[in-house]
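Subject: Handover of a structure and notes on it

Dear colleague,

Please find the structure below, together with its sequence. My notes on it follow, arranged by region.

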Amino acid sequence: MSLTDHTYRGEQDLKDMLDLLAAGRKANNGTYYVHCGDLQWWLYYNDDVKQEWKNRVRLWREGDRLIGWSLLSPFRWHAFDVYAEPSLRGSDREREMLAWAVDQLSEEEYVQTCWVAEDDEFRVRWLTENGFAAREGFMYLFQRSINGPLSIPPLPEGFQTRPSRGPGDAMRRSAASHAAFGSSMPIEDYCARTLRFMQSPVYVNEHDLFITTPDDEVAAFCCIWTDPLNKVGYFEPVGVHPKFHRRGLGKALLFEAFRRLQSDGMTEASVCAESDSPAAIGLYESADFQKVKRLLTFRKGKTQ
């Protein structure tokens, strides 16, 4: 069957890309496939107002079947992602996809790819043979079971957990996130980005969870994402406004999210954290997450 390739054409392509990620996670073949939530977050929570990312996605098909895709993220990230269907792991076809992505970014000062499992012998070997080297920093992948009863920690008096009400909460959510992540972006631009995300096709009000104060200020927030095939829920992002630190809000929000993921049919939860983020690591370990894998970044170029 002939091989064809094309840029992003619409929501059916997104569905196919998500299905490939879920199938890859199901295969558990040594390559780390990001959670479906990661891809949706990358594509729709950003400053790409014109959605030019659609021209930086490449899909490879045999007939109607998607066999691989790549997302190029130049400018700030200088990065590429390539995912092939599990049966193609280590094949010449997967090598061709990887080489294509690297070539597309050849004019960048450096090129990098993230989310490489430390025990992925094929990817590590291919990247090393092609001039990449692992960076010092990495991500931890955390997982935990959410089967069985959950004991949700109590909230301070007057605080409550609730889902987003949609675009009407954009400013509240933005204020908390802007402070939690120490953003230098003007709050008006930050809020506009949040609003675009809330109006996107991947946004689900009930999966954007808040802990609010008696005055309805957002003190903590998280988005949850589901993978029905593997029954794994995922957190991206998670944050607590600095003025509400050390009040147990992050842990309480995670446990409420576990309960909601259970009701969506998930049996496991996962989240990632930077290796140099002790606060995030401490939060996830306090919620009984376990470190299961290190995810490396490989870079090639002048600032390697």
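To begin with the backbone, His-78 is placed in the loop between β3 and β4. Please bear in mind throughout that this is a predicted model. His-78 is not a glycine, yet its phi is positive, at about 55°. The side chain does not lie open to solvent: His-78 has a relative accessible area of 13% and is therefore buried. The loop between β3 (65-73) and β4 also holds Phe-75, another residue other than glycine with a positive phi, here near 65°. Phe-75 counts as exposed because its relative accessibility is 60%. As background, most residues other than glycine have a negative phi, and most peptide bonds are trans.

An exception of the second kind is the peptide bond from Glu-236 to Pro-237, which is cis, with omega near 0°. Pro-237 belongs to strand β10, and this strand deserves a closer description. β10 spans residues 232-240 and is mostly covered, with 8 of its 9 residues buried. Strand β9 (residues 218-227) pairs with β10 in the antiparallel sense, over 7 bridges. Across this pairing, Ile-224 stands opposite Phe-235 in β10. The two strands form a hairpin with 4 residues between them, and Lys-231 in the turn has a positive phi of about 60°.

β10 also runs parallel to strand β11 (residues 268-274), to which 3 bridges join it. Here Tyr-234 has Ser-270 in β11 as its bridge partner. Together with helix α7 (residues 249-263), β10 and β11 make a right-handed β-α-β unit.

Turning to the aromatic residues, a search of the whole structure gives 22 aromatic pairs. One of them is formed by Trp-42 and Trp-115, which are tilted, at 6.0 Å centre to centre and with 35° between the planes. This pair links distant parts of the chain, since Trp-42 is in helix α2 (residues 36-44) and Trp-115 is in strand β5 (residues 110-117), 73 residues apart. Trp-115 is buried because its relative accessibility is 14%. As for helix α2, 8 of its 9 residues are buried, so the helix is largely enclosed by the rest of the structure. Among these buried residues are Asp-38, Gln-40 and Trp-41.

Ring pairs also connect Phe-138, Tyr-140, Phe-142, Phe-235, Phe-255, Phe-258, Tyr-284 and Phe-289 into a cluster. Tyr-140 has a charged neighbour as well: Lys-291 lies over the face of its ring, 4.3 Å from the ring centre. In a comparable arrangement, the charged end of Arg-193 sits over the ring of Tyr-190, at 4.8 Å from the centre.

On the cysteines, the count of disulfides is 0. Why does Cys-114 form no such bond? The closest cysteine sulfur, in Cys-272, is 11 Å from that of Cys-114, which is too far for a bond. For Cys-223 the closest cysteine sulfur is in Cys-222, and at 7.1 Å this is likewise too far. The cut-off applied is 2.5 Å between the sulfur atoms. With 26% relative accessibility, Cys-114 counts as partly exposed, whereas Cys-223, at 3%, counts as buried.

Two threonines and one arginine complete these notes. Thr-194 is in helix α6 (residues 187-198) and is buried, with a relative accessible area of 0%. Not counting residues up to four places away in sequence, Thr-194 touches Tyr-45, Ala-170, Arg-173 and Ser-174. Thr-213 is in the loop between β8 (208-212) and β9, and is buried as well, with a relative accessible area of 8%. Its contacts, leaving aside neighbours within four places in sequence, are Gly-158, Phe-159, Ala-219 and Phe-244.

Arg-89 lies in the loop between β4 (79-84) and α3 (92-104) and counts as partly exposed, at 26% relative accessibility. Beyond its neighbours within four places in sequence, Arg-89 is in contact with several residues, including Asn-29, Glu-94, Asp-120 and Glu-121. The C-alpha atoms of Arg-89 and Val-240 are separated by 39 Å, the two residues being 151 apart along the chain.

With kind regards

Technical notes
Residues are numbered from 1 along each chain as its sequence is written. This is a predicted model: local features need pLDDT of at least 70, side-chain atom pairs count only at pLDDT 80 or more; totals for chains, interfaces and linings use all residues. Side-chain values use heavy atoms; hydrogens and water are left out. Buried means under 20% relative accessible area, exposed over 50%, partly exposed in between (1.4 Å probe, protein chains only). Two strands pair if DSSP finds at least two bridges between them. A crossover is right-handed if, with the strands pointing away from the viewer, the path from the first strand over the helix to the second runs clockwise. Rings of Phe, Tyr and Trp (its six-membered ring) pair if their centres lie within 6.5 Å; planes under 30 degrees apart count as stacked, over 60 as edge-to-face and the rest as tilted. A charge sits over a ring if NZ of Lys or CZ of Arg is within 6 Å of the ring centre and within 35 degrees of the ring normal. Contact means heavy atoms within 4.5 Å.
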